[in-house]
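This report introduces a protein structure to a reader who has not met it before. It begins with aromatic pairs and then turns to the overall fold, the interior and selected residues.

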Amino acid sequence: APIDPQTIVKHFLSFNEMMELPWTPRYSQIIGAGLEAAADSDESNSSLGYWALAATIFFTVAVYCFEGNLDHRQKSAYQKTIFPQELETTVSVVDKERAAAASKKSPKEEESKEGGETQNKEDDDDHKPLLPQLQSKFKNSQAYGLDKINFGMISSTYDTVESVIFLLLGFLPLLWDKSVEYGSTYFGYTEQDNEIKITLIFLAITTVIGTITSLPFELYSTFQIEKKHGFNKQNMGLFFSDKVKSIILTFLIGGPFVALLLRIIQSGGEYFFVYVWAFMFCFSTFMMTIVPVFIMPLFNKYEPLPDGSLKTSIYKLAEKLNYPLTLLFVMDGSKRSSHSNAFMFGFGKNKRIVLFDTLIQQVEEDEILAILGHELGHWKLGHTLSNFAITQIYFGAAFYFFSQCYGSDDLYSAFGFDDPSRGVPNIIRLMLFFQTLWAPVDKVLSFILTVFSRHNEFAADKFSVDLQMSKKLQSGLCKIHLENLGAMCPDPWYSTYHYSHPPLVERLSAMMELDKKQK
């Protein structure tokens with residue numbers, strides 16, 4: 001059938017009308033109340049209200065396009081089939097140094113060879129050249145990275161589309177109005193007198209919706225991608241058990257936290273941001289205390305590291321660095337995944353170290369010590385405290401600027417909270433502030449913190465080098481990279497923007513340069 005020119009003009013004019021500023025959501029509180037916006041609403045002509053919705057959508061899409069471009073660059077890197085020359089050259093040096101060290105065994109070590117064939121085989125496995133192993137896993141690493149980046153691009157597309165649709169439809173004011181309705185119908189709450197209680201209903205609904213929409217992605221990532229590449233060890237029962245525990249903890253801890261936060265904002269007056277800042281400091285400290293002691297054991301088993309040479313060596317290293325180590329645990333990380341890790345926690349004179357059981361299986365004892373030397377370097381160099389301080393400064397700055405924008409009714413009206421007879425809920429003020437005005441700032445700060453984190457990683461590597469652990473740290477990092485199928489040829493732009501740790505080849509090269517200077 002021929003195309004009707006009038007139909008084309010009609011659609012063009014309709015699209016043109018949609019693109020006219022200011023953009024307004026499909027649903028707003030005035031529309032929900034059945035009122036006429038022009039008659040009952042004092043429509044703002046301020047620049048903030050005029051541009052708010054369109055600018056937020058533009059920024060959301062712009063970030064998606066920018067990060068999508070980086071994803072495509074990384075995808076191209078994962079499609080390479082030739083092992084990277086720089087990594088080959090660097091790891092070959094590591095292998096030569098390991099071989100030279102192995103050839104210098106003491107007579108006592110040589111005599112220990114008579115201890116049995118099994119021990120000999122384990123020693124041989126530990127000292128196999130790393131380069132052939134990395135080369136043999138290169139194809140698997142590329143395939144794993146390609147699967148992850150493809151999945152990440154699909155997930156990112158969905159998140160962006162969902163965000164834009166929710167903004168255009170007015171999902172936020174609709175959900176708030178429904179929460180008010182449910183609170184009134186089932187509990188007798190009123191918006192004016194019970195804002196915090198209605199807020200908890202609102203957050204419960206958003207949590208349930210977010211859990212449902214994210215569940216297919218989490219299931220695919222865990223039981224398709226991670227399982228396909230040999231990492232996932234959990235079953236559906238454990239997965240959903242973790243999910244239920246997480247939701248319960250969110251309600252038990254998140255509920256009182258939000259209620260107290262909103263109460264402080266309500267009662268704090270003009271300088272409420274100062275009290276909020278103090279509250280956030282106390283809450284951060286509280287969470288840093290209870291999470292490793294009470295919450296993490298709900299998901300994993302923590303057992304004391306058995307007596308032996310590894311335990312003795314770790315305590316000696318801690319004593320050498322004046323690290324007040326009180327407890328040393330092994331965590332059953334293999335219960336869920338074959339990925340490996342180690343971390344430290346604790347305040348004051350009560351410090352603890354946790355080793356994943358997978359880490360103990362994947363690297364030698366001396367390499368574990370070198371890795372812990374790196375982690376202890378973060379503590380010794382003040383990185384732990386500086387990160388905590390930066391977080392608190394971030395909270396202070398964010399809530400200060402939020403206080404300056406607190407009364408920006410034009411902003412909230414642009415997103416559908418446009419009924420002048422109703423006050424804008426504080427949780428909505430917070431959410432819209434962080435989603436709009438603070439979002440560009442947050443992106444810039446996140447990148448700066450990523451760069452800062454990479455700097456700290458190099459510094460911690462240097463600390464381990466200064467402890468004469470360079471060779472073992474290099475081989476340990478290679479083995480972890482090998483076992484975890486880490487990216488062997490990451491795109492430089494992608495890694496600079498996303499990686500909190502420098503790529504393997506950069507860390508190895510930096511340590512080799514430090515070794516040369518010490519000779």
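## Aromatic pairs

Across the whole structure, a search finds 38 aromatic pairs. In one of them, the ring centres of Phe-223 and Phe-239 are 5.5 Å apart and the ring planes stand at 70°, so this pair is edge-to-face. Phe-223 belongs to helix α10 and Phe-239 to helix α11 (residues 236–267), so the pair ties together parts that are 16 residues apart in sequence. Phe-223 and Phe-239 are both buried.

Another edge-to-face pair is formed by Phe-433 and Phe-434, with 5.2 Å from centre to centre and 80° between the planes. What is the relative accessibility of Phe-433, and does this residue count as buried or exposed? Phe-433 has a relative accessibility of 1% and therefore counts as buried. Phe-434, with 31% relative accessibility, counts as partly exposed.

The two pairs are set out below.

| Pair | Distance between centres | Angle between planes |
|---|---|---|
| Phe-223 and Phe-239 | 5.5 Å | 70° |
| Phe-433 and Phe-434 | 5.2 Å | 80° |

## Overall fold

The model described here is predicted. Its secondary structure consists of 22 helices and four strands. The protein has 519 residues, and buried residues make up 42% of them. Among the contacts with a separation of 6 or more, 80% are between residues 24 or more positions apart.

## Nonpolar cores

The largest nonpolar core contains 52 residues. The members that touch the most other members are Val-91, Ile-314, Leu-317, Ile-353, Leu-355 and Leu-372. With residues up to four places away in sequence left out, Ile-353 touches Ile-314, Tyr-323, Leu-325, Leu-327, Leu-328, Phe-329, Phe-343, Met-344 and Leu-372. Apart from the largest core lies another, of 46 residues, including Tyr-189, Phe-395, Tyr-412 and Val-424.

## A pocket and a cavity

The second largest pocket holds about 1000 Å³ of space. It is lined by 34 residues, of which Asp-159, Glu-162, Ser-163, Phe-166 and Gln-435 are the closest to its centre. Two or more lining residues come from each of α4 (47–78), α8 (130–169), α9 (171–187), α10 (195–228), α18 (426–435) and α19 (439–466). Which element gives the largest share of this lining? That element is α8, with nine residues. By character, the lining of the second largest pocket divides into 18 nonpolar, 11 polar and five charged residues.

As for cavities of 30 Å³ or more, the search of the whole structure finds one. The largest cavity encloses about 30 Å³ of space. Its lining is made up of Leu-87, His-481, Ala-487, Met-488, Pro-490, Pro-503, Leu-504 and Val-505. Seven of these lining residues are nonpolar, one is polar and none is charged.

## Residues with a positive phi

Most residues other than glycine have a negative phi. Gln-468 is not a glycine, yet its phi is positive, at about 65°. This residue is found in the loop between α19 and α20 (470–483). Gln-468 has a relative accessible area of 65% and is therefore exposed.

Leu-485, also a residue other than glycine, has a positive phi near 50°. Leu-485 is found in the loop between α20 and α21 (492–498). Is Leu-485 buried or exposed? Its relative accessible area is 9%, below the 20% limit, so Leu-485 is buried.

## Residues far apart in sequence

Val-293 is found in helix α12 (residues 272–295). Its relative accessibility of 32% makes Val-293 count as partly exposed. Val-293 and Phe-345 are 52 residues apart along the chain, and their C-alpha atoms are separated by 9.4 Å. Not counting residues up to four places away in sequence, Val-293 touches Phe-345 and Arg-352.

Ser-309 is found in helix α13 (residues 309–320). With a relative accessible area of 44%, Ser-309 is partly exposed. From C-alpha to C-alpha, Ser-309 and Glu-365 are 8.3 Å apart in space, while in sequence they are 56 residues apart.

Definitions and conventions: Residues numbered from 1 in each chain as written. Predicted model: local features only at pLDDT ≥ 70, side-chain atom pairs only at ≥ 80, totals over all residues. Heavy atoms only, no water. 1 Å grid on protein atoms, 1.4 Å probe; cavity = no way out; pocket = protein on both sides within 12 Å on 5 of 7 lines; lining within 4 Å. Points joined across faces, edges and corners; volume = space filled by probe spheres on them. Nonpolar A, V, L, I, M, F, W, Y, C, P; charged D, E, K, R; others polar. Core = buried A, V, L, I, M, F, W, Y, C linked by side-chain atoms within 4.5 Å. Buried < 20%, exposed > 50% of the residue type's maximum accessible area, 1.4 Å probe, protein only. Contact = heavy atoms within 4.5 Å. Phe/Tyr/Trp six-rings, centres within 6.5 Å; stacked < 30°, edge-to-face > 60°.
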